[in-house]
Amino acid sequence: MRNFDLRRCPVCGEKLVLSRLTCPDCKAEFPTDMPLSPYDSLPESEREFLTAFLTCRGNMKEVQDLLGISYPTAKKRLDALLDALGLHSKNTEEEQMDMFMFQKKNEDSVKASDIIRNKLYENGGHTVVTLTRGSAALIQACADGERFRCDKLPIDFEYAVFDIIVDLLLREGGTARKGNGRNYRFGYGECTEDTVAGVIAKEYFGKQVGESSLDPVFVLAAVLDWAGIAHNCRGYLELTAEYRLKRG
């Protein structure tokens with residue numbers, strides 16, 4: 001059968017749905033009215049880009065090399081993929097400005113904020129990180145060069161939040177509990193100053209004991225792991241041997 005757009009009927013243009021599932025072994029058939037997912041109906045070029053993007057773990061430079069395309073082309077294809085999957089935010093065009101406008105921070109810097117910002121710069125301002133439960137989160141540099149956003153978090157964060165976390169890990173001998181800022185107020189239970197959730201509440205958000213705070217640890221821990229700064233373990237963070245060596 002000739003290939004066509006699986007999203008629309010080639011005869012009348014209406015949206016297509018799956019009407020029958022068949023077992024290839026026993027040939028049993030089951031009726032259904034399941035709609036096609038955005039992933040099922042991706043055009044071939046976007047499926048190719050998605051495969052390359054996942055194979056390269058979101059590293060845009062590696063995607064460029066694998067597909068033999070330039071940075072502007074890779075960026076346009078990522079935008080097209082996000083649009084097709086319904087993942088393009090309303091402010092994407094405003095925020096996704098050319099990363100070449102930014103100057104990289106000192107490449108010899110051992111600050112976590114500089115390392116992560118530079119690595120995002122090298123990836124074209126985007127990456128996908130894996131959370132501890134196996135789901136993915138899209139990380140995107142903001143246009144001001146000082147903040148980043150994530151599709152799993154309600155607000156943008158300054159890169160400086162990573163320095164706060166690393167300072168805690170260094171004070172605690174390289175390892176600290178993540179804590180829990182969702183179910184505990186700052187200063188109580190699993191949201192004390194010796195936890196990642198607690199130190200973010202106090203030093204980033206400026207919370208006082210007894211106040212509630214946003215808990216972004218599940219995303220920030222995954223970014224630190226992606227950057228090779230800390231291992232994102234279940235329940236705690238641990239500085240990597242490579243990063244400890246950099247810090248001397």
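Accessible areas come from the Shrake-Rupley method with a 1.4 Å probe, and on this basis the protein has an accessible surface of about 14,200 Å², of which 50% belongs to carbon and sulfur atoms. The legends below describe views of a predicted model.

**Figure 1. Overview of the predicted protein, with its nine helices and nine strands.** The protein has 248 residues, and buried residues make up 41% of them. Among the contacts in the protein with a separation of 6 or more, 48% are accounted for by residues that lie 24 or more positions apart.

**Figure 2. Close-up of the crossing between helix H6 (residues 160-171) and helix H7 (residues 196-204).** The axes of the two helices come within 10 Å and cross at roughly 125°, an angle that falls outside the ranges for roughly parallel, roughly antiparallel and roughly perpendicular, and H6 and H7 are therefore oblique to each other. H6 passes H7 in a right-handed crossing. On the side of H6 the contact involves Val 161, Ile 164, Ile 165, Leu 168 and Arg 171, which meet Val 196, Val 199, Ile 200, Glu 203 and Tyr 204 in H7. Sorted by class, the residues of this contact comprise eight nonpolar, no polar and two charged.

**Figure 3. Close-up of helix H7 and the elements that surround its buried residues.** Within H7, the residues Val 196, Ala 197, Gly 198, Val 199, Ile 200 and Ala 201 are buried. The buried residues of this helix pack against two helices, H6 and H8, and against two strands, S7 (175-177) and S9 (236-239). Just after H7, the chain reaches Gly 206, which takes a positive phi of about 70°.

**Figure 4. Close-up of the packing between helices H5 and H6.** The axes of H5 and H6 are 7 Å apart, and the two helices pack at an angle of about 135°; H5 and H6 are therefore oblique to each other. The crossing of this pair is right-handed. From H5 the contact is made by Ala 112, Ser 113 and Ile 116, and from H6 by Ala 160, Phe 162, Asp 163 and Val 166. The residues of the contact of H5 with H6 divide by class into five nonpolar, one polar and one charged.

**Figure 5. Close-up of the crossing between helix H5 and helix H8 (residues 217-226).** The axes of H5 and H8 come within 10 Å and cross at roughly 75°, and because angles of 65 to 115 degrees count as roughly perpendicular, H5 and H8 are therefore roughly perpendicular to each other. The contact is made by Ile 116, Lys 119 and Leu 120 of H5 together with Val 223, Leu 224 and Trp 226 of H8. By class, the residues of the contact of H5 with H8 are five nonpolar, no polar and one charged.

**Figure 6. Close-up of Lys 119, a residue of helix H5 (residues 112-122).** Lys 119 has a relative accessibility of 24% and so counts as partly exposed, since buried is reserved for values under 20% and exposed for values over 50%. When its neighbours within four places in sequence are left aside, Lys 119 is in contact with Trp 226 and Ala 227. Although Lys 119 and Trp 226 are 107 residues apart in sequence, their C-alpha atoms are 9.5 Å apart in space.

Note on methods. Residues are numbered from 1 along each chain as its sequence is written. This is a predicted model: local features need pLDDT of at least 70, side-chain atom pairs count only at pLDDT 80 or more; totals for chains, interfaces and linings use all residues. Side-chain values use heavy atoms; hydrogens and water are left out. Helices (H or I, at least four residues) and strands (E, at least two) are DSSP runs, numbered from the N terminus. Buried means under 20% relative accessible area, exposed over 50%, partly exposed in between (1.4 Å probe, protein chains only). Contact means heavy atoms within 4.5 Å. Axes are lines fitted to C-alpha atoms, for helices over the stretch in contact, and angles run from 0 to 180 degrees between N-to-C directions. Angles under 35 degrees count as roughly parallel, over 145 as roughly antiparallel, 65 to 115 as roughly perpendicular and the rest as oblique. A crossing is left-handed if the near helix is turned anticlockwise from the far one by less than a right angle, and right-handed if clockwise. Ala, Val, Leu, Ile, Met, Phe, Trp, Tyr, Cys and Pro count as nonpolar, Asp, Glu, Lys and Arg as charged, and the others, Gly among them, as polar.
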